[in-house]
Amino acid sequence: MATVGPTKTTAARLNPAPVGYPAFSKRLDALCIFFSIWLIIGLFIDGLAHAEQRIDTFFSPWHAVLYSGFLGITCVIGTVQLRNMYRHYPLTKALPRGYFPALLGILLFSFAAPLDLLWHEWFGFELRLDALFSPPHLMIISGAMLFGTAPLRTAWIQTQAGARLQGWRDLGSMVMSLFFLMAAVSFFTQYASPIVNAPFLSEPYIEATMSNIDLRGISTGIITTLVLIGVLLLSLRFWPLPFGAMTLLIGGSTGLIWFVHNKSSQAYWPVVIWAASVGLLADLAMHGFKINQQRPLRVRLLCSLLPAGFFLGYYLIIMASSGLNWITHMWTGMVFEVAILGFCLSLIAIPPYARNSEASTDQER
């Protein structure tokens with residue numbers, strides 16, 4: 001008996017499933033980072049509300065900003081996912097390479113958001129440091145990091161495939177993705193932020209409180225250096241950052257933390273200016289001296305001098321404002337310690353005696 005119309009086999013031959021992934025899209029990267037930055041702004045407004053201990057409800061204006069950013073990125077990525085699945089791309093390959101973790105991030109965020117509502121009903125609202133350790137909050141930011149860093153992953157993949165990406169036109173979304181990452185990490189480690197802990201270093205250095213002040217000062221230096229140099233080395237491993245990127249990364253993330261804690265740290269606004277200035281100096285050094293992975297000695301110098309210079313200026317600013325009461329042994333020692341830590345991190349990212357390191361070292365000599 002003859003069949004009428006095409007069989008499934010014939011239809012499959014006429015419309016074969018696409019091979020590989022959809023093409024990279026600058027527009028998708030731009031929309032992704034736009035809504036991710038929108039979301040992170042909502043996160044910092046929410047942080048300000050917690051810092052000021054406002055009466056909180058789940059249905060608050062700051063939550064509206066945060067979750068509307070999430071809704072925007074869900075619509076963008078969800079639309080691309082469904083459209084490409086309709087074009088016969090498989091589930092895990094319906095987005096450009098590097099974007100599937102973003103889809104997982106949306107699912108994690110979608111699960112954590114209602115859990116956060118239930119968490120507040122069960123255990124009350126967080127008002128202090130506990131807000132940074134609430135499991136639903138950590139799940140929310142983990143999901144956000146997965147979709148907020150999608151442009152970073154696509155730039156990474158394109159570079160590994162041989163594409164030459166340079167300048168703001170090619171790397172703008174990637175730089176903003178790095179900024180998103182740095183801002184998010186800075187937010188959830190704000191207990192070790194230079195802005196947050198500056199007032200404590202101005203307190204009288206007495207026996208009863210010295211241990212607390214010491215721990216705050218030490219954690220500030222170590223954690224800030226880990227975040228700063230970690231992001232720097234991640235970028236230097238693959239791209240020459242466009243001029244102004246370091247100014248944005250360092251100055252912008254510091255400014256956002258000052259925004260959250262402006263009441264307690266209002267007198268320390270020069271630290272934000274200094275952070276942006278250090279970022280500008282880093283931009284000038286990176287472009288003036290051509291600092292990249294092929295010049296490991298220069299990378300090591302930058303990784304050492306950048307945190308050392310930042311914290312030296314930081315301590316001098318506190319001295320000039322409300323007075324630095326941290327004893328001399330501690331603050332001078334921390335300048336050296338963060339320099340050593342930055343140098344050691346560079347050894348992990350660019351190991352000594354690797355082939356490219358040996359060749360570039362010979363060239364530098």
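**Exercise 1.** How many disulfides does a search of the whole structure find?

*Solution.* The model is a predicted one, and the criterion to apply is a pair of cysteine sulfur atoms within 2.5 Å. When the whole structure is searched, zero disulfides are found. Two cysteines may then be placed by their accessibility: C32 counts as buried because its relative accessibility is 0%, and C303 is buried as well, with a relative accessible area of 0%.

**Exercise 2.** Determine which secondary-structure elements make up the protein chain, and describe its burial, contacts and surface.

*Solution.* Begin with the elements: the protein chain has 14 helices and zero strands, so that, read from the N terminus on, each entry in the order of elements is α. Turn next to burial, for which the cut-off is under 20% relative accessible area; of the 365 residues of the protein chain, 48% count as buried. For the contacts, take those between residues at least 6 apart in sequence, of which 79% join residues at least 24 apart. Finally, the protein chain exposes about 18200 Å², and carbon and sulfur atoms supply 68% of this area.

**Exercise 3.** Is L281 buried or exposed, and which nonpolar patch on the surface includes L281?

*Solution.* First locate the residue: L281 lies in helix α11, which spans residues 270–288. Exposed means over 50% relative accessible area, and L281 counts as exposed because its relative accessibility is 51%. The last step is to consider its partners, since L281 joins F243, L280 and L284 in a nonpolar surface patch whose accessible area together is about 360 Å².

Technical notes
Residues numbered from 1 in each chain as written. Predicted model: local features only at pLDDT ≥ 70, side-chain atom pairs only at ≥ 80, totals over all residues. Heavy atoms only, no water. Patch = residues over 30% accessible without salt bridge, like charges linked within 9 Å, V, L, I, M, F, W, Y side chains within 5 Å. Areas by Shrake-Rupley, 256 points an atom, 1.4 Å probe, with all protein chains shown as cover. Salt bridge = Lys/Arg side-chain N within 4 Å of Asp/Glu carboxyl O. Helix = DSSP H or I, 4+ residues; strand = E, 2+ residues; numbered from the N terminus. Buried < 20%, exposed > 50% of the residue type's maximum accessible area, 1.4 Å probe, protein only. Contact = heavy atoms within 4.5 Å.
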